[in-house]
Amino acid sequence: MVARSPGVAISRWAVLVVFALLCAFPFAWATFTMFKDNADLYTVGHVPFFYNSPPTLDHVRVLFADTAFLTFVRNSVEIGLIVVAITLAISVPAAYAIARLTGQWGGKLAMTVFIFYLVPPTLLFLPLSRIVAELGLQDTIWSLVVVYPTLTAPFSTWLLVGFFRSIPRDIEEQAMVDGYSRAGAVVRTVLPLAVPGLFTVVIFTFAFTMNDFIYAVAFISSSNNMTVSAGVPTELIRGDVFFWQSLMAAAVLVAIPVALAYNFFLDRFVQGLSLGAVKG
Amino acid sequence: MSEPAVRRTVIVDETVRVHHLLDREEVLGPVMLSPLMIYLVALVGLPLVLVFVYAFSDATTGSTEFSFVGLQTFQHTLDDPVFRIALRNTVVFTVLAQLIVVVLATVLGFVLSANFRGKWFVRFLILLPWTTPIALSALAWLWMLDSLFSPFNWILGQLHVIDVGTPVAWLGQDATAIASVVALNAWRTLPLAAVILMAGLTSIPPELNEQAQVDGAGFWKRFFDITMPLLAPIMMVAILFGIVATFTDMAAVYILTRGGPGFATQVLGSWSFYTGIQGGSLAQGAAIGIFMFPVLLGVCILMLRQASRGDVT
């Protein structure tokens, strides 16, 4: 850490290159594949690391024009946006209450909320599929809208508690002395300061809804209502025929924007994570 | 003249009273908490109870009626050889994947905690396995490990490790399929662990290390005596996230191997799905899922202990 010899720098770069390759190779391979034409891709003798025939956009075009991919994307975005709204509506007040209004109970409440997050979808999907059916929501995007906040709200609340705690109490107390009600003080002073935290929650809530697979395949059966995660692996594979270039295009076109968004908000995410983890 | 004045006082009094009530912290707190708590009790708490109810019943997906059968469902589950494979796999995959992650994430956390040019791009590449929806990255792995067109087969063929005419069916043999699932799970939980460790490393005051260096402590001595103990709590958080993700996984196995070849890579999550949704036996599926419970409970307790320790310091 202290030493700054060229040897250290070179070995650090070597380690980084190895890790970057390890992590990114499946995506690099997918990107390389999505532009290959069939004759090139499916000829066993071909060197797989070259374009033996010129790269083509045909399969990307097929993905957009001839498959339900855009429907999946639209469903995922719609579900994501509604779930973000629900998550904020229930998490922000709860997190503020835990951070400010519950005194010595705050830490225990934060932990209780977090424990809800640890109950996994693979345990809950069976009763939830029954509950969703009872509500008459099976095979609609609303089944996922109702259920996804179980994934997002506990975690968001936990992150927000950390962000609210890092804002000095004096700020809203001063506003209350100046004659605002508690709610008025929060809206005028605390929420504007918490905007980066709120953005972080929005991004991660959205990403969590994109990431789910088990609820989407358990609740949804018609391809019109599927999300990207469930639709691409189940609907774009017809029988045993894999449209590899189109499948890889779908994976890459979703992976890159999501990773960019994460990268942008990563520092705040980690900050929130360690605030929550260390201070409970 | 006096009447409007009286009315005005009444109105003012009403608003003051409501305000007063909501300005009292012991009232406002629970009011703000209740939507979240009601939601979580209804859609996490209640289903969790239902899992146990189903597991002691003969519930199926076809009918809403069921009767209690005591421990019979568990008896069936324990007698099922595939369940035993799934239980063993779940534990083995989790332990192996997280052992790999502990080692690699420490190294990666170290190199990432330094500042260097192009860090943003390197971080972007390294985050991909964690940020991409698992169903899509598992598809990319499925193609990468394709029995005919895997680039690894081509390389091994060129190196004459394998015969070009008989490529390795990575997902078609027990050992390589198991290794692939473990690798996929380690790969996708590594970035988060590394990022958490990176944050932990940057929070260690550099003076500690500098002082130790002045006192003549070498790199490894400093690593084991200063860095590791200070890093341990946050390392545990990182690993607990990885354990939960791997232990409760269903998508990685479902897409990469469908539990195969045979049942060699079934895990509790995927087997519960096959039994409960595709096989239609809610009771069986729930009973399988319940075997995740002890480990998750352990994780909860560790997290709680971690939190209370954090409160003290």
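**Exercise 1. Work out how the contacts of chain B are spread along its sequence, then describe its make-up.**

Step 1. In chain B, 69% of the contacts with a separation of 6 or more join residues 24 or more positions apart; two residues are in contact if their C-beta atoms, placed from the backbone, lie within 7 Å. A word on the source: this is a predicted model, in which local features need pLDDT of at least 70, side-chain atom pairs count only at pLDDT 80 or more, and totals for chains, interfaces and linings use all residues. Residues are numbered from 1 along each chain as its sequence is written, while chains are lettered from A and ligands numbered from 1 in the order in which they are written.

Step 2. Chain B has 14 helices and 0 strands, where helices (H or I, at least four residues) and strands (E, at least two) are DSSP runs numbered from the N terminus.

Step 3. Of its 313 residues, 42% are buried (20 or more other C-beta atoms within 10 Å of the residue's own, again placed from the backbone).

**Exercise 2. Describe how α4(B) packs on α8(B).**

Step 1. Two packed helices are described by the angle between their axes and the distance between the axes.

Step 2. Here the axes of helix α4 (residues 81–113) and helix α8 (residues 174–202) of chain B come within 6 Å and cross at roughly 40°. Axes are lines fitted to C-alpha atoms, for helices over the stretch in contact, and angles run from 0 to 180 degrees between N-to-C directions.

Step 3. α4(B) and α8(B) are therefore oblique to each other, since angles under 35 degrees count as roughly parallel, over 145 as roughly antiparallel, 65 to 115 as roughly perpendicular and the rest as oblique.

**Exercise 3. Find which helix of chain B gives the most to the side that touches chain A, and place Leu33(B) in the picture.**

Step 1. The contact draws 80 residues from chain B and 79 residues from chain A.

Step 2. On the side of chain B, helix α2 (residues 25–55) gives the most, with 16 residues.

Step 3. Leu33(B) sits in this helix, α2 of chain B. Setting aside neighbours within four places in sequence, Leu33(B) is in contact with Ala94(A) and Ala97(A).

Step 4. Is Leu33(B) buried or exposed? Leu33(B) is buried, because 23 other C-beta atoms lie within 10 Å.

Key
Buried ≥ 20, exposed ≤ 12 C-beta atoms within 10 Å, placed from the backbone.
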